[in-house]
Amino acid sequence: MKQYKIALLAGDGIGPEIMNEAIKVLKAVEKRHADVSFDLQEALFGAAAYFETGKAFPEKTIKICDEADAILKGTIGLSHEQSQKIPVDEQPERGALLPMRRRYNTFANFRPVYLPKELSFFSPLKEEVIGDGVDFMIIRELVGGLYFGEKKTGVDANGKRYVKELLEYDEEQIRAIVQVAFNTARSRKKVLHNIHKSNVLKSSVLWNEIVGEVGQDYPDVEVKHILVDAAATYLCLDPKQFDVMVMENMFGDILSDLGGGILGSLGLMPSACVGPEKSYYEPSHGSAPDIAGQNIANPYSMIGSVALMLDMSFGMKQEANNLWQAMQSVFAKGYCTPDLAKGRDVKLIKTDEFGDMVVLELEKMPV
Ligand SMILES: NC(=O)c1ccc[n+]([C@@H]2O[C@H](COP(=O)([O-])OP(=O)(O)OC[C@H]3O[C@@H](n4cnc5c(N)ncnc54)[C@H](O)[C@@H]3O)[C@@H](O)[C@H]2O)c1
Ligand SMILES: CC(C)[C@H](C(=O)O)[C@@H](O)C(=O)O
Ligand SMILES: [Mg+2]
């Protein structure tokens, strides 16, 4: 019997709603595999944890995460106005999410941008651009760069407030993510788009040097260098040219949300945050305060994160594929949540109905 302990951090906003669907799916998967058991451990995280305990990443949650085989996270964060009620360093992003990334050194963030041909109408891009669908992987460095560099705020001699925020990397950090990217490219179409800004940033100059060095070990992978600003344009004009893209933390944050735009909703963006010993899985998007509590969020990103966890942490590749297929089948039958409907002739469903339908589809598939 394989027993996996999973920490479940529902978080804030739509987090608990989409996490419910993940739990539903995990229980369905467990039922299908007599030799697998999931020990699900729910814990407070984010603003929900702060209001209850005074800490956004409380000790009790840390312990549960430390002891887990993998962590499944919903979404954290409040609306801009609500955030102001929490001291800056305890706001869920700085107080919970970044500390978790640092604690488990989850340096490799995989953000798949996938839309099959049949669902290309979800995209706001024109038929001639997106008609064949898209399938590329954004690999974002997740524990370095501007996010984790030294920060200083103060008042200068003239009484002006200032801030300094450093974009820091050492070669080891860059090498680690670049190797992950080359390995991923090797397992796919053997093309790696290296996204950088070496015309301005010294950090990109070192980054590109390392890409060149690591590339020596991957003569079978073609590297294409693109400046990050141009990459944003190409993602709109011709996203099909991409297969694997690698980039530093901040670039990856921004371009992966553009990925959600290409697909038609951030609700289609799951992710895996992989560390040397522990990985965690989360939607790429935020807590969507504008739709929270209405049972209308798209849980695809959350259930997709479950699929990534099954595949990458538990080696259950076939079941992960079944889960992707089950979700596509729900869409193929004309159902979707309002984020994807946009006035089209579709059958509108709620968050929990999507989860129910995914389970029904899954149950039809051979184990
Ligand atoms: N990893 C995380 O937990 C994470 C990621 C990004 C943002 N945040 C936080 O989330 C909060 C809100 O940020 P924001 O509004 O800028 O971004 P957001 O990603 O929460 O929402 C942007 C837009 O996308 C929509 N959206 C997002 N996920 C959706 C889903 N599953 N189904 C349907 N629609 C969806 C929202 O309704 C909104 O219109 C902020 O506090 C931010 O810091 C957290
Ligand atoms: C919430 C925030 C700290 C986070 C980030 O910027 O990394 C989010 O936007 C993401 O993309 O995971
Ligand atoms: Mg982001």
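Which residues does UniProt assign to the feature "domain: Isopropylmalate dehydrogenase-like"?

**Figure 1. The annotated domain in the predicted model.** The unreviewed UniProt entry places this feature at residues 5-358. Helix accounts for 43% of the span and strand for 20%. The C-alpha atoms at the two ends of residues 5-358 are 23 Å apart.

**Figure 2. Overall fold of the protein chain.** The chain contains 14 helices and 14 strands. Its C-alpha atoms occupy a box of roughly 65 × 50 × 45 Å along the principal axes. The radius of gyration is 20 Å, which agrees with the value near 21 Å expected for a compact globule of 367 residues. Of these 367 residues, 45% are buried. Among contacts between residues at least 6 apart in sequence, 74% connect residues at least 24 apart.

**Figure 3. Surroundings of ligand 1.** The shell around ligand 1 comprises 22 residues, of which Gly77, Gly267, His285, Gly286 and Asn298 come nearest. By class, nine residues of this shell are nonpolar, nine are polar and four are charged. Ligand 1 lies between domain 1 (1-106 + 275-367) and domain 2 (116-271), because both domains give residues to its shell.

**Figure 4. Surroundings of ligand 2.** Gly77, Glu93, Leu97, Asp253, Ser284 and Gly286 are the residues around ligand 2. This shell divides into one nonpolar, three polar and two charged residues. Gly77 and Gly286, listed here around ligand 2, are also among the residues that come nearest to ligand 1.

Key:
Residues are numbered from 1 along each chain as its sequence is written. Chains are lettered from A and ligands numbered from 1 in the order in which they are written. This is a predicted model: local features need pLDDT of at least 70, side-chain atom pairs count only at pLDDT 80 or more; totals for chains, interfaces and linings use all residues. Helices (H or I, at least four residues) and strands (E, at least two) are DSSP runs, numbered from the N terminus. The radius of gyration is taken over C-alpha atoms; the globule rule is 2.2 Å times the number of residues to the power 0.38. A residue is buried if 20 or more other C-beta atoms lie within 10 Å of its own, exposed if 12 or fewer, and partly exposed in between; C-beta atoms are placed from the backbone. Two residues are in contact if their C-beta atoms, placed from the backbone, lie within 7 Å. A residue is near a molecule or strand if its C-beta atom, placed from the backbone, lies within 6 Å of it. Ala, Val, Leu, Ile, Met, Phe, Trp, Tyr, Cys and Pro count as nonpolar, Asp, Glu, Lys and Arg as charged, and the others, Gly among them, as polar. UniProt positions are given in the numbering used here, feature names are shortened, and annotations may be inferred rather than shown by experiment. Domain bounds come from an automatic or database domain assignment.
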